[in-house]
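Dear colleague,

Please find below the structure that I am handing over to you. My findings follow directly after it, and I would be grateful if you read them with the model open.

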Amino acid sequence: MSANSPNPVLIIGGGIAGLTAAVELADTGVEVVLVEKSASLGGRVARLHQYFPKLCPPTCGLEMHYRRVRENAGITVLTLAEVTGVTGSAGDYEVEVRVRPRFVSEACTLCGDCERVCPAERPDEFNYGLGTTKAAYLPHGVAYPAAYAIDRAACPEGCKACEEACKYQAIRLNAQTEVRTVKASAIVAATGWKPYDAAKLEHLGFGQCRNVVTNVMLERMAAADGPTAGRILRPSDGKEPRTVAFVQCAGSRDENHLPYCSAVCCTASLKHAAYIRALYPETAITIFYIDVRTPGRLEEFGAKVQHDADVRMVKGKVARVEENPATGDLLVTAEDVLANRKSTEHFELVVLATGIVPETEGLPAALKPDECGFAGKNGSPGIYAAGCVCRPAEVSATVQDATGTALKALQCANRSVSHVR
Amino acid sequence: MKDARTVEPDVELIASLMAAGGADLKKCMQCSNCTCVCSLSTPEDDFPRRQILHAQWGLKDRLLTDVSPWLCHYCGDCTEHCPRQANPGEAMMALRRYLTGQYDWTGLSLLMYRSEAWAIGVLLAVSLVVVLLFTVPANFGFGLLSQAGPAARATVMLDKFAPKEIVHIGDTLLASLLGVLLLTNAARMFRIATRDTHIPLGVYLRHLPGFVVQGVTQKRWRECDAGDSFKNWLRHLILVTGYATIFLLVVVFLPWFQVQDHSFHWNSLLGYYASAALLGASAWMIGDRMAQSGEMHRFSQPSDWMFPGLLFVTALTGVLLNVCRLLDQAMPTYVLYVVHLAVAVPMLVVEVPFGKWAHLLYRPLAIYIAAVKKSALQTQ
Ligand SMILES: Cc1cc2nc3c(=O)[nH]c(=O)nc-3n(C[C@H](O)[C@H](O)[C@H](O)COP(=O)(O)OP(=O)(O)OC[C@H]3O[C@@H](n4cnc5c(N)ncnc54)[C@H](O)[C@@H]3O)c2cc1C
């Protein structure tokens with residue numbers, strides 16, 4: 001560590017929070033190492049069809065960040081990488097990073113030959129299990145780095161088809177996992193969130209009723225590059241549904257599941273209603289809710305969608321979803337609390353608005369989780385958390401949080417080289 | 001505001017209900033998960049969400065006219081799935097306790113629910129009266145025994161100790177008194193619950209057979225699809241048949257039931273069935289409460305223990321008394337006879353018109369009221 005330049009700031013997680021912290025920090029001249037577990041940056045936002053409240057595609061925000069990453073030589077991006085150990089103290093951490101091989105080098109031109117010859121399939125995790133990809137796969141449409149990757153766990157014994165097919169010699173199937181030690185002045189953990197496991201909601205039929213899907217799955221169906229090419233189709237028969245029910249608080253605000261409000265699901269379901277109404281003007285939407293929570297500036301967006309006469313809002317938590325095996329239709333039991341009427345209604349598709357669970361695996365131990373499992377914001381003087389791993393929030397709040405956290409990290413980095421305390 | 005209505009909330013209501021066991025009532029956020037998981041809650045008679053709202057808002061009048069708490073058999077599904085741990089099942093139980101107090105015109109029920117001291121006091125007082133009846137008057141009870149001479153001490157001669165003509169009169173008087181109290185309370189329940197609905201006579205008559213069937217079989221309980229509802233229903237049915245049998249034996253057929261000597265009598269067989277049923281069912285209930293098995297047994301108020309507890313002791317002393325009689329143990333037989341009555345009588349006095357056992361009439365009556373109200377609304 002020289003007297004004038006601090007160690008880089010290490011960021012764990014390349015979602016919108018990690019990306020924001022990385023580019024904002026790098027803009028101040030400090031070096032950044034961005035460690036991302038999956039094969040691409042972008043995080044959950046890359047899986048959205050459109051952002052509320054403006055309903056712009058995620059490429060908007062992501063492309064801008066990617067450009068800044070690309071143009072700033074001070075940012076080192078490590079994908080397929082995870083932090084396996086942290087030692088040292090603020091200003092002078094030593095971080096052990098395990099980098100799994102991608103098996104595809106920068107020479108990749110996205111020609112797609114490897115994918116075409118690949119004989120093996122794997123579950124499409126990016127699309128929440130809706131369909132499969134080849135073992136040689138492009139992470140997604142807005143992948144960064146823009147390169148294929150190979151899931152060796154899915155490869156057949158001894159198969160070298162992709163290596164042989166690649167005209168650019170970009171594929172090396174014998175690449176090995178690498179363990180690196182990175183010096184860091186401060187650490188920002190932005191590992192984000194994962195959807196609540198809908199199978200735990202036994203009464204809501206996920207996994208038992210074919211036409212019960214989750215909000216994140218619907219998001220992928222609505223996306224043009226998604227498994228149904230942008231159409232909303234019932235899993236059982238590929239039919240476009242004429243009636244759709246949204247079940248809010250599927251797990252959230254429930255002491256038996258997630259005791260907290262996930263903050264985004266109400267606005268997300270209203271957004272989904274808007275997607276469907278735009279695609280299929282004949283399709284009627286019912287949203288079953290406990291309270292409609294569209295805080296702050298999201299209120300206006302929420303009100304606009306609710307203004308649509310074919311978006312019916314029913315105050316009442318859904319307690320039961322059952323399938324009519326003959327038609328695949330669903331029987332949804334809830335009480336319209338305002339009308340004091342308990343009833344069981346038919347729907348062709350049911351969407352569970354599952355909530356946000358913090359992704360705390362691989363988080364530095366200093367960031368102690370709170371009683372709901374979210375990471376504390378400040379662990380020790382040089383270790384911070386940002387984004388949805390700290391609290392459930394929409395993109396704009398996440399970005400603001402990450403920017404603020406970047407300042408904390410910067411202060412820490414500067415303190416480590418400054419004599420003035 | 002032509003249709004404006006002034007609602008006078010009863011600000012004490014929530015506290016009364018919380019004291020009666022609904023301590024978590026305020027946690028409810030009105031999501032209605034409870035009403036929807038409940039297979040007994042119907043669009044016409046929905047619970048517990050609406051009743052909890054009325055409780056939270058202090059709408060006492062609405063609660064009083066509402067019989068739905070009696071339609072709940074406390075399987076506990078609502079509590080198990082409540083996202084706020086507001087314990088709706090226990091809220092319904094608290095409402096039943098509260099309503100029992102409200103129906104009772106003597107005010108004793110309310111006193112006993114509110115204060116354990118009162119409940120125990122009344123039990124002990126009645127117990128004392130029973131013991132005194134057997135011990136004090138010179139021409140009755142033990143006094144009589146000494147007059148009867150050494151013969152009754154040497155061998156069991158129940159009729160010398162407690163002449164069945166006298167006991168039978170006592171039985172009948174007690175049964176009539178409790179019957180009148182229970183019936184007048186039930187009549188009040190009926191009046192309160194139907195005061196806002198005009199119900200034609202024909203509707204009343206049409207639903208009468210259903211009332212009888214429900215009263216005897218608790219058939220509606222079988223509509224509950226919760227896991228152990230069959231077990232609970234069966235246990236309840238065993239208890240009811242045992243209870244009804246012993247009631248008939250003691251109140252109507254005492255002259256044949258109380259046998260004088262220490263030999264075996266065929267007419268005791270019914271008594272054996274009743275003893276086994278009451279002993280078994282009450283022990284089973286106590287066991288479940290101790291093990292807190294199932295939502296129904298997780299929370300117990302003193303009055304919840306009193307019911308199976310006293311019943312168990314009554315049945316047990318009845319059995320022991322019979323054993324002593326068969327073994328020709330004169331003094332133990334007489335002592336157990338007094339103990340048996342000193343438990344059974346206060347139990348009946350407290351529980352039948354004022355306490356938990358009032359539900360033997362309130363439940364079928366509630367089903368009846370709900371049915372006639374529904375019919376009346378449909379015909380209007
Ligand atoms: C159904 C739904 C719809 C939504 N729609 C909108 C919307 O329309 N508009 C809006 O503003 N918000 C929306 N949101 C919220 C939005 O998704 C979040 O605000 C956003 O994803 C938060 O970003 P993040 O970076 O904190 O987390 P993430 O997006 O989860 O990013 C975390 C990143 O960290 C990586 N990572 C995880 N663990 C590790 C590890 N141990 N090591 C290295 N890397 C790791 C992950 O691979 C990922 O790339 C929606 C949420 C839901 C549930």
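In chain A, strand 18 (residues 330–336) and strand 19 run antiparallel and are joined by 7 bridges. One position in this pairing is Leu331(A), which stands opposite His346(A) of strand 19. Please note that the model is a predicted one.

These two strands belong to an open sheet of 3 strands in chain A, ordered 17-18-19, with antiparallel pairing. Strand 17 (320–323) and strand 19 (341–347) are its edge strands, each pairing on one side only. From one strand to the next, the twist averages 25°.

Chain A also holds an open sheet of 5 strands, in the order 13-20-14-15-16, and here the pairing is parallel. Its edges are strand 13 (212–214) and strand 16 (311–315), each of which pairs on one side only. On average, and with direction ignored, neighbouring strands of this sheet are turned by 25° against each other.

At one edge of this parallel sheet, strand 13 pairs with strand 20 (residues 349–354) of chain A over 3 bridges. Val213(A) has Val351(A), in strand 20, as its bridge partner. Helix 5 (residues 215–222) of chain A lies across strand 13, strand 14 (243–250) and strand 20. The angle of this helix to strand 13 of chain A is about 85°.

I turn now to the interface of the two chains. The contact involves 19 residues of chain A and 21 residues of chain B. About 1,700 Å² is buried between the chains, and carbon and sulfur atoms give 46% of that area.

How many salt bridges are counted between chain B and chain A? The count is 2. Arg49(B) forms a salt bridge with Glu335(A), and their closest N and O atoms are 2.5 Å apart. Glu335(A) lies within the residue range of strand 18. In addition, 13 residue pairs are in polar contact across the interface, with both residues at pLDDT 80 or more.

On the side of chain B that touches chain A, the elements giving two or more residues are helix 2 (33–37), helix 3 (49–57) and helix 5 (77–81) of chain B. The largest share, 4 residues, comes from helix 2 of chain B. Sorted by class, this side of chain B has 8 nonpolar, 7 polar and 6 charged residues.

With kind regards

Notes
Residues numbered from 1 in each chain as written. Chains lettered and ligands numbered in written order. Predicted model: local features only at pLDDT ≥ 70, side-chain atom pairs only at ≥ 80, totals over all residues. Heavy atoms only, no water. Contact = heavy atoms within 4.5 Å. Buried area = accessible area lost by both parts, 1.4 Å probe. Salt bridge = Lys/Arg side-chain N within 4 Å of Asp/Glu carboxyl O. Polar contact = N/O pair within 3.5 Å; in protein donor to acceptor, adjacent residues only side chain to side chain. Nonpolar A, V, L, I, M, F, W, Y, C, P; charged D, E, K, R; others polar. Pairing = 2+ DSSP bridges. Axes fitted to C-alpha atoms, helices over the stretch in contact; angles between N-to-C directions.
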